[in-house]
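The following paragraphs lead through the model below, from its interior to its sheets and helices and then to its overall dimensions.

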Amino acid sequence: ECLYVQDMDILTDLFRESGLRRRLLDLRELPAQRGLRFPCERSVGFHVVVSGSAYIHAPGESTPIELQAGDVAVMARGCEHVLATGPRLKGLPIDTIELDGARRVTQSAETTLVSGAYQLWNTPVHPFFAQLPAWFVLRAERSSTLSPVALTVAMLADEARSDALGRDTVLHGLLDVLFTQLLRLIVEKQGDTGAGFSHAIRDPHIRQVVTLLHREYAQDWTLDGLARAVGLSRSVLAERFRVNMGDTPLAYLRTVRLQRAMRLLADGAETIEQVAVAVGYQDAFGFSKAFKKAVGESPGEFRKRNAAEEGLPWRLPASEAVGTG
């Protein structure tokens, strides 16, 4: 018998479980004869060109990415990159952005941009993040001025220039809205490319299964139990999940559990045994073995490294976590 599966916001759950944390890099001027370095190796994020034009110089790109006013560039895989007003960096002085949040914009600035970084300090194990493209550019001329993204970009640019009361609160809200809208577009486009998370959740039955595994990850699921819950036979579910996701339901469940465990180990005071039970493992041994295989280090090593890195300058505090509300 098919059970009713209440939908949940899977994207928000991914943000929360990956420990995503937000930093507003604010409205900034791009000097004509200098480059601006963004050390964002452990972040996803975006740049919105408010006025003028800019070039992104990034590793792995054969040519700089040119941006005009209104264009948005999403950095979906963290990397250190440089923004400049020209296509060449040779001989150009390069400054690293400062993190105090103060605006450095003059009335005569030709090129200005608003940037946001969403930090993923510990590399997520969920396939959603691995399947994101290195860079995704949304051109202003290709989107309707009344589209949700275009309207949010316009509001973000206007608010960034203002000194109105509550400016920072509004900016952070718009930043999250734009970030989510952009990821929606990326998921939609990635869904056309074949097997993977973005493609799989288009299938209503697979989406129900994914929802169940995210919401009830600690339950002792079997393939038969999942199939009954969504009204499919065991063989049909196994085949449909494999074709669309490129993996098995129980392997996906393991990924969801380990992603949750990473957050618990990083943010909480639970023992490794308590974390193991909380995410659905019978004992710490089996959990530790699966964790090390997926993450590359034991739960204890992960926790020690994470604690040692908490005080690094670019590490964001837990108070900047996204999707915890």
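**Cores, sheets and helices**

The largest nonpolar core holds 73 residues, and the members that touch the most others are F46, F128, F197 and F287. The model in which this core appears is a predicted one. Beyond its neighbours within four places in sequence, F128 makes contact with L11, L14, L183, V187 and F197. Apart from this core there is a second, separate one of 21 residues, with L25, I97, W121 and W314 among its members. In soluble globular proteins, nonpolar side chains tend to be buried together.

Two of the contacts of F128, L11 and L14, lead to helix α1. This helix covers residues 10–17, and because six of its eight residues are buried, helix α1 is largely enclosed by the rest of the structure. The buried residues in question are I10, L11, D13, L14, F15 and E17. Their cover includes α2 (127–130), α4 (167–190), α5 (197–200), α6 and α9 (249–267).

The account now turns to the sheets. One open sheet is built from five strands in the order β1-β9-β3-β6-β10, paired in the antiparallel sense. Its edges are formed by β1 (21–29) and β10 (135–138); each has a single partner strand, so one side of each is left without a neighbour in the sheet. On average, neighbouring strands here are turned by 15° against each other, direction ignored.

How is the edge strand β1 held to strand β9? The two strands run antiparallel and are joined by eight bridges, with β9 spanning residues 112–119. Within this pairing, R21 stands opposite Q119 of β9, and the bridge partner of L24 in β9 is G116. Strands of a sheet pair through backbone hydrogen bonds, either parallel or antiparallel.

Although β1 stands at an edge of its sheet, eight of its nine residues are buried, so β1 is largely enclosed by the rest of the structure. Is D26, a residue of β1, buried or exposed? Its relative accessibility is 4%, and because the cut-off for a buried residue is under 20%, D26 counts as buried. The backbone of D26 also deserves attention, since its phi is near 70°, a positive value in a residue other than glycine. L25, a member of the second core, belongs to the range 21–29 covered by β1.

Helix α3, residues 148–161, lies across β1, β3 (43–51), β6 (72–75), β9 and β10. With respect to β3, helix α3 runs at about 75°.

Another open sheet of five strands follows the order β5-β4-β7-β2-β8, and its pairing is mixed. At its edges stand β5 (65–68) and β8 (94–96); since each has a single partner strand, one side of each is left without a neighbour in the sheet. Neighbouring strands of this second arrangement are turned by 30° against each other on average, direction ignored. Inside it, strand β2 (residues 35–40) pairs with strand β7 (residues 79–84) in the antiparallel sense over five bridges. In this pair, F38 stands opposite H81 of β7.

Away from the sheets, Y217 lies in the loop between α6 (204–215) and α7 (223–230). What is the accessibility of Y217? Its relative accessible area is 16%, which falls under the 20% limit, and Y217 is therefore buried. Leaving aside neighbours within four places in sequence, Y217 is in contact with L212, L253, V256, R257, R260, A278 and V279. Between Y217 and P133 the C-alpha to C-alpha distance is 28 Å, and the two are 84 residues apart in sequence.

**The protein as a whole**

The elements described above belong to a protein with twelve helices and ten strands. Its radius of gyration is 21 Å, close to the 20 Å that the globule rule gives for 325 residues, so the protein is as compact as a globular protein of that length. Along the principal axes, the C-alpha trace spans about 65 × 45 × 45 Å.

Of the 325 residues, 48% count as buried. The protein exposes about 15700 Å², of which carbon and sulfur atoms supply 52%. Among contacts between residues at least 6 apart in sequence, 78% join residues at least 24 apart.

Notes. Residues numbered from 1 in each chain as written. Predicted model: local features only at pLDDT ≥ 70, side-chain atom pairs only at ≥ 80, totals over all residues. Heavy atoms only, no water. Core = buried A, V, L, I, M, F, W, Y, C linked by side-chain atoms within 4.5 Å. Buried < 20%, exposed > 50% of the residue type's maximum accessible area, 1.4 Å probe, protein only. Contact = heavy atoms within 4.5 Å. Pairing = 2+ DSSP bridges. Helix = DSSP H or I, 4+ residues; strand = E, 2+ residues; numbered from the N terminus. Axes fitted to C-alpha atoms, helices over the stretch in contact; angles between N-to-C directions. Rg over C-alpha atoms; globule rule 2.2 N^0.38 Å. Areas by Shrake-Rupley, 256 points an atom, 1.4 Å probe, with all protein chains shown as cover.
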